[in-house]
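Dear colleague,

I am pleased to hand over the structure below for your study. Please keep it open beside this message while you read.

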Amino acid sequence: MSNKRFYIETYGCQMNFADTEVVNSILMEDGMDPVQTAEEADIIFVNTCSIRENAETRVWNRLKEFRSLKDEKRDLTVGVMGCMAERIKDKIIEQEKLVDIVVGPDAYREIPNLLKEVDDGRKAVNVLLSLEETYADITPVRTSGNGVTAFVSIMRGCDNMCAFCVVPFTRGRERSRPMSSILSEVKQLSDQGYKEVTLLGQNVNSYNYEDIDFTRLMDEASKVDPEMRFRFSSPHPKDFPEPLLHLIAERPNLCNYIHIPAQAGSDTMLERMRRPYTREQYLTLIDKMRDIIPGVSLSTDIITGFCDETEEEHEATMSLMKIVGYDLAYMFAYSERERTLAHRKYEDNVPEDVKKRRLSQIIEQQMNIQEQINNNEVGKRHLVLIEGTSKRSDEQLAGRTDTNKMVIIDKKDFRKGDYVEVIITGNTSATLFGDPVKKSSIAEFYENRELVAS
Ligand code: SAH
Ligand code: SF4
Ligand code: F3S
């Protein structure tokens, strides 16, 4: 009999995408083969996200589609993994025929056993959270992706308990992965030709393994391969380490880009959200970032319409975003999640139309800011790492600057994985267009830039 074929469809954040690669590895070790579409598969997993209502709705709709596939293909197995697992566990009894397996983020090693239970005609569920699991000994298998940029998970869970956020409940307590296992994964990626790694955790500044902190980890990781770029996501503004800023400023392969979620712009709202910093502390941190890393590019996450949000608080968020002038922002309307502090103690009382209006206001302002920032990029020189062909044309390539901006260039003789020196010639609010000068490297580009500067 041929091997069983599996397909994993992934929703949610980068952590979930990294987990899918861990599960690829577990299933392939067990003798299964990955396929690229649901139709070809004997086993379908949906790696789910609970962060907002619409994320869950998308998954439910998708599961219903798979349900009709099951009607055609009697022995098709459908599993739910990831952050919705805990919640779906209860509904699985009502929704009898929708899913066969439910597996939470800390139970992926159990999947082969769970599949056997299903073969024996049972429903299989394991949503236990763990205090230790980091999958440190499992080498993720990257079955999709561009072969140039990779995510490496450095910790799991979150202890922060922001009032709006479901993650501490879906992913459990915070724990860090041993540095040695992170570094060996980075080395392996470098040997395989990867050029960029993003280190992932829900709150990377609290990385701590045997007294090794996040700054030390970044230091060691970036020394593994000086021609490999490093990014990280996400740090928390409450305890951002200043030594890391100096390290980023000094080390050419640590990208001059920081995602630093603000969530809101007023002290009253930050307090209600249980984000333990003030507007002033946040702005001081931003000043420090810009001081220590000239030209640093910044992005953020913002929630609009959280419980009791007043018009003044909304204006304060608008003004914070204007003062900082983010290069990029992820903006969301608040969506109440069960089990969170907000669900237990507050009222989701900002009317839907007000949430929507406030969200459009911050989006509109942000688009204008981005347009201006990107206009100023014209004429500048950047080192662009080519990630692949442009979506719009086969004759063009797409890559990103160190500052995380997408750049489109003509293909010429360049290819995926090349570092190309580019002069920016045009832009929209989301994308830059450039003229390629020549193939380059991190070492060459930064040496020349220092010569020009001095
Ligand atoms: N750990 C990461 C965030 C992960 S969730 C961090 O703290 O940076 C990504 C973003 O989703 C959050 O930063 C927040 O802006 C948003 N988010 C979280 N819960 C939400 C909710 N209930 N409604 C709307 N947006 C939410
Ligand atoms: Fe959620 Fe806050 Fe943890 Fe981020 S830091 S995952 S927003 S609880
Ligand atoms: Fe979603 Fe879970 Fe990530 S809820 S945002 S997939 S941690």
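The notes that follow describe what was found around the two ligands, at one loop residue and in one sheet.

Please bear in mind that this is a predicted model.

Let us begin with ligand 1. It has 15 residues around it, and those that come nearest are Phe164, Gln202, Gln263, Asp301 and Ser335. Three polar contacts may be located on your screen. A nitrogen atom of ligand 1 lies 3.0 Å from a polar backbone atom of Phe164. A nitrogen atom of the ligand is also 2.7 Å from an N or O atom in the side chain of Gln202. With Gln263, the ligand contributes an oxygen atom, which is 2.7 Å from an N or O atom of that side chain. Taken alone, ligand 1 exposes 540 Å², and the protein buries 90% of this area. Two elements give two or more residues to the shell around ligand 1, namely strand S15 (297-304) and strand S16 (328-333). By character, the shell of ligand 1 consists of seven nonpolar, four polar and four charged residues.

Ligand 2 is surrounded by Cys158, Asn160, Met161, Cys162, Phe164, Cys165, Val167, Pro168, Gln202 and Arg275. This shell divides into seven nonpolar residues, two polar residues and one charged residue. You will find Phe164 and Gln202 in this list, and both were also named among the residues that come nearest to ligand 1.

Next, please find Ile51, which sits in the loop between strand S3 (43-48) and helix H2 (53-72). Is Ile51 buried or exposed? Its relative accessibility is 28%, so Ile51 counts as partly exposed. Leaving aside residues up to four places away in sequence, Ile51 touches Cys165, Val166, Val167 and Arg337. Of these, Cys165 and Val167 also belong to the residues around ligand 2. The C-alpha atom of Ile51 is separated by 8.3 Å from that of Cys83, although the two residues are 32 residues apart along the chain.

Finally, there is an open sheet of six strands in the order S2-S1-S3-S4-S5-S6, with parallel pairing. Which strands stand at its edges? They are strand S2 (33-34) and strand S6 (124-126); each has a single partner strand, so one side of each is left without a neighbour in the sheet. Strand S5 (residues 101-103) runs parallel to S6 and is joined to it by three bridges. Within this pair, Val102 stands opposite Val125 of S6.

With kind regards

Notes. Residues numbered from 1 in each chain as written. Chains lettered and ligands numbered in written order. Predicted model: local features only at pLDDT ≥ 70, side-chain atom pairs only at ≥ 80, totals over all residues. Heavy atoms only, no water. Near = heavy atom within 4 Å. Polar contact = N/O pair within 3.5 Å; in protein donor to acceptor, adjacent residues only side chain to side chain. Areas by Shrake-Rupley, 256 points an atom, 1.4 Å probe, with all protein chains shown as cover. Helix = DSSP H or I, 4+ residues; strand = E, 2+ residues; numbered from the N terminus. Nonpolar A, V, L, I, M, F, W, Y, C, P; charged D, E, K, R; others polar. Buried < 20%, exposed > 50% of the residue type's maximum accessible area, 1.4 Å probe, protein only. Contact = heavy atoms within 4.5 Å. Pairing = 2+ DSSP bridges.
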